[in-house]
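Student: Could you take me through one part of this structure closely, and then show me how the rest is arranged around it? I would be glad of a connected account rather than a list.

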Amino acid sequence: MKNLIKAFILLGMTSMYWACQPSGEGAFEPVTVKSPSETLELNFFLSESGRPGYMLYLKNQVVIDSSFLGLEFKNSAPLMENFEVLTVDIEGISETWERKWGETREVKNDYKHLKVSLKEKTADARLLNLSFKLYDDGLGFRYEAPEQNGLGEVEIMDEKTEFKLTGDHMSWWIPGDWEIYEHLYTKSLVSEVDAGAKRNNEFLAQTYIPDPDAVNTPYTMKTEDGIHISIHEANLTDYAGMTLHIDKENLTLSSALVAWEDGTKVKAKTPFVSPWRTIQVSPNAGGLIESNLIVNLNEPNKLDDLSYIEPMKYVGIWWEMHLGVSSWGMEGGKHGATTENAKRYIDFAAENGFGGVLIEGWNTGWEQWVGDEREGIFDWQTPYPDFDIDEVVAYGKEKDVQIIGHHETSGDVGNYDAMVEDAMAFYNEKGIHAVKTGYVGTLIPPTHYHHGQWMVNHYRKVVEVAAKNKIMVNAHEPIKATGIRRTYPNMIAREGLRGQEFNAWSDGNPPEHTLIIPFTRMLGGPIDFTPGIFNLKLSKLTGKVGMHEDRDTMFESEESYKPDNQVSTTLAKQLALYVVLYSPIQMAADLPQHYEGHPAFQFIRDVVVNWETSKIINGEVGEYITTVRKDRDSDDWFLGSITNIEPRDFEIALDFLDEGKAYQAIVYKDGADAHWDDNPQSYEIEEMEVKKGDQLNIKLAPGGGQAIYFKAK
Ligand code: NOJ
Ligand code: CA
């Protein structure tokens, strides 16, 4: 498969360089590189002062204007100016790689690679290499500091990477919080970003927004001409997470890294590389999602054994705690994770073909999991007396359902870091091959931030220790997704956004929230959003609560588990989220009794989680999106379409379906009178026969959605 084409050979380029740059005068002729299909063009240049810079074009139109690069150190001069170019090397790479799970089975990896080696013209004569990979859908570039005498151990105080915008674009942002990404997105012009206004969020267990003018990435923007740009990073390894500081006057973004306690950003030793700084560019919003830039900029799979890595749907002892029906700990006599309750969920999973059951609160320590007394409370191995882990795992095995373990750290990373090897080995011995991790609360030791270099390294260590123990990781309160799933396919999903749970206990996720996520957070990678709440007003059940209850009585109660909370979507929109929000593990998040006997539950039973291919049919950030995906193991297709508070009416051509096949379309749509707030439970199921090329009308209610299962006949 691998087909390496050397497009330009070193010789040609260097001769151009020597011709253009008489030594010492610094007149370096800019280098231009075009992406494989010539969609994007990159310009690399040196300023008069010898500072490296770049420009990016989409079909002759500037997308990123002249932007400069550089690094600042603690105890040595910055690597920033006075450079001369030693060599320029450009090669074209065209290859395809396959993955065990993903939005598509195959990933095309076609790019032009520009490598520039720089040397200071000063007495220090230090070296710095820059590497640019230009794709048709974006650019990635990084710093590569080679081993050298003048540069050994360094403390990076600042990375001076710029992204100069060409205008005051519309944008969708969360603040540059160093502790958490669980904020609502705000839509505003770049010049009107006000991250400082997002401080003091009462629903966050930890938050620190040092710069009122910084945002977290992926940061997605739309130009006046409709070009979509998203800036993020790929392969964040042994480095600090990057936020973007906005210079509002000059409309320039610059890298602002999360710091160590003493203000240092990154501790490194040559040779080292930075993460890739990425700029995704698309003439339409959907193109951002279809782009594989972020995974392509990561290293190939490093794991030998992938046998335990399985995409799956799962249920869990989880939502009931968020609703207050039960608790994580034993206080108050409402413990959720009992042997009996776990078996109830295993039965439910087995009956419906789900692969896993997440069990939170099975291990001791939860009485103090939030608050000031969180240090040393968990050992991640001692069960509560009413939970028999061996019995539960054995029962799961009998029913072909695996247990998903849980490592909530409550931010006590000092303790977890020391015990994680034992905690993972414990699960491995028990036959548990998936774990959800959690990092709620300010960190112990308090000298670190969730998104700093120390934590980036901790999160990576957990993925590696998990792999050693044949365990998949679903991280909550994680470091952002930067595509490391390519290298570590056991890094199956992560949260890293304001998920469904906020609907149970905060001011809630407004209808547009899930219309922004696909174009922002999801560009990083899979999301454990936990869709599928059917009981949208969180009503109390009036009848007997149990597995086989007559469900006619279920939504009759006016009373709510959480009177001040609700899920702000229609029921059909909850179904559509299984297709729109990508994850190889998808939870059926509601209580089993809310699904039992419910006709719409059939869609969650049918929907698959591993895809041959995926396409975005239409979409506008924050407004609407329609996604189709084809099952990896059959000819079946699935469609999810969702909207914000605006009702929509689309004609969709079923061009994506396989040629020459007849499909039974099972359509789950909003009822004629459905509305996310006034009438969210209203839905209809309709069946019809369709084929490639047919037209389909899709109507979405305010805050609504539609999910379709195209079953190949
Ligand atoms: C926060 C996680 O996001 C949530 O899913 C989990 O239930 C709690 N922490 C407890 O670990
Ligand atoms: Ca969370």
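Tutor: Happily; we can begin with a sheet and the helix lying on it, then move to the cores, a pair of helices and some backbone details.

Please keep in mind that this is a predicted model. The part to look at closely is an open sheet of six strands, whose order is 30-31-32-37-34-35 and whose pairing is antiparallel. At its edges stand strand 30 (611–620) and strand 35 (683–691); each has a single partner strand, so one side of each is left without a neighbour in the sheet. On average, neighbouring strands here are turned by 15° against each other, direction ignored.

Take the edge formed by strand 35 first. Strand 34 (residues 662–670) runs antiparallel to strand 35, and nine bridges join the two. If you want one pair to find on screen, Asp670 has Tyr683 in strand 35 as its bridge partner.

Now add the helix. Helix 11 (residues 571–580) lies across strand 31 (624–631), strand 32 (637–643), strand 34, strand 35 and strand 37 (705–712). The helix runs at about 125° to strand 32. How many of the residues of helix 11 are buried? The count is 10 of the 10, so helix 11 is largely enclosed by the rest of the structure. The buried residues include Leu571, Ala572, Leu575, Leu577 and Val580, and Lys573 and Gln574 are buried as well.

From here we can turn to the nonpolar cores. In soluble globular proteins, nonpolar side chains tend to be buried together. The largest nonpolar core in this model has 184 residues, and Phe132 and Ile279 are those with the most contacts inside it. Helix 8 (residues 453–468) gives the most to this core, with eight residues. Both domain 1 (16–296) and domain 2 (312–565 + 587–599) supply at least three residues each to this core. Apart from it lies another core, of 18 residues, among them Val628, Ile652, Leu654 and Ile708.

Ile279 is a good place to pause. Leaving aside its neighbours within four places in sequence, Ile279 is in contact with residues including Tyr54, Leu56, Ile64, Phe141, Phe163, Ile229, Ile231 and Leu293. Asp137, Gly138, Leu139 and Ser230 are also among the contacts of Ile279.

The two domains named above come from the domain assignment of the protein. Their C-alpha centres lie 34 Å apart. The contact takes 53 residues from domain 1 and 50 residues from domain 2.

Helix 8 brings us to its neighbour. The axes of helix 7 (residues 413–430) and helix 8 come within 9 Å and cross at roughly 10°. That makes helix 7 roughly parallel to helix 8. On the helix 7 side, the residues that meet helix 8 include Val413, Tyr416, Val420 and Met424; among those they meet in helix 8 are Trp454, Met455, His458, Val462 and Val465.

Is Ala418, another residue to find on screen, buried or exposed? Ala418 is found in helix 7, and at 61% relative accessibility Ala418 counts as exposed. Ala418 and Arg485 are 67 residues apart in sequence and 24 Å apart in space, C-alpha to C-alpha.

Lastly, a look at the backbone. Most residues other than glycine have a negative phi, and most peptide bonds are trans. Against that background, the peptide bond from Thr270 to Pro271 is cis, with omega near 0°; Pro271 lies in the loop between strand 20 (266–269) and strand 21 (272–273). The peptide bond from Ile444 to Pro445 is also cis, with omega near 5°. Pro445 lies in the loop between strand 26 (434–438) and helix 8, which takes us back to the helix discussed above.

Two loop residues have a positive phi without being glycine. Asn82 has phi near 60° and lies in the loop between strand 6 (71–73) and strand 7 (83–98). Leu251 has a positive phi of about 50°, and its place is in the loop between strand 18 (242–247) and strand 19 (252–257). As for their surroundings, Asn82 is partly exposed, with a relative accessible area of 37%, whereas Leu251 is buried, with a relative accessible area of 16%.

Note on methods
Residues numbered from 1 in each chain as written. Chains lettered and ligands numbered in written order. Predicted model: local features only at pLDDT ≥ 70, side-chain atom pairs only at ≥ 80, totals over all residues. Heavy atoms only, no water. Pairing = 2+ DSSP bridges. Helix = DSSP H or I, 4+ residues; strand = E, 2+ residues; numbered from the N terminus. Axes fitted to C-alpha atoms, helices over the stretch in contact; angles between N-to-C directions. Contact = heavy atoms within 4.5 Å. Core = buried A, V, L, I, M, F, W, Y, C linked by side-chain atoms within 4.5 Å. Buried < 20%, exposed > 50% of the residue type's maximum accessible area, 1.4 Å probe, protein only. Domains from an automatic or database assignment. Parallel < 35°, antiparallel > 145°, perpendicular 65-115°, else oblique.
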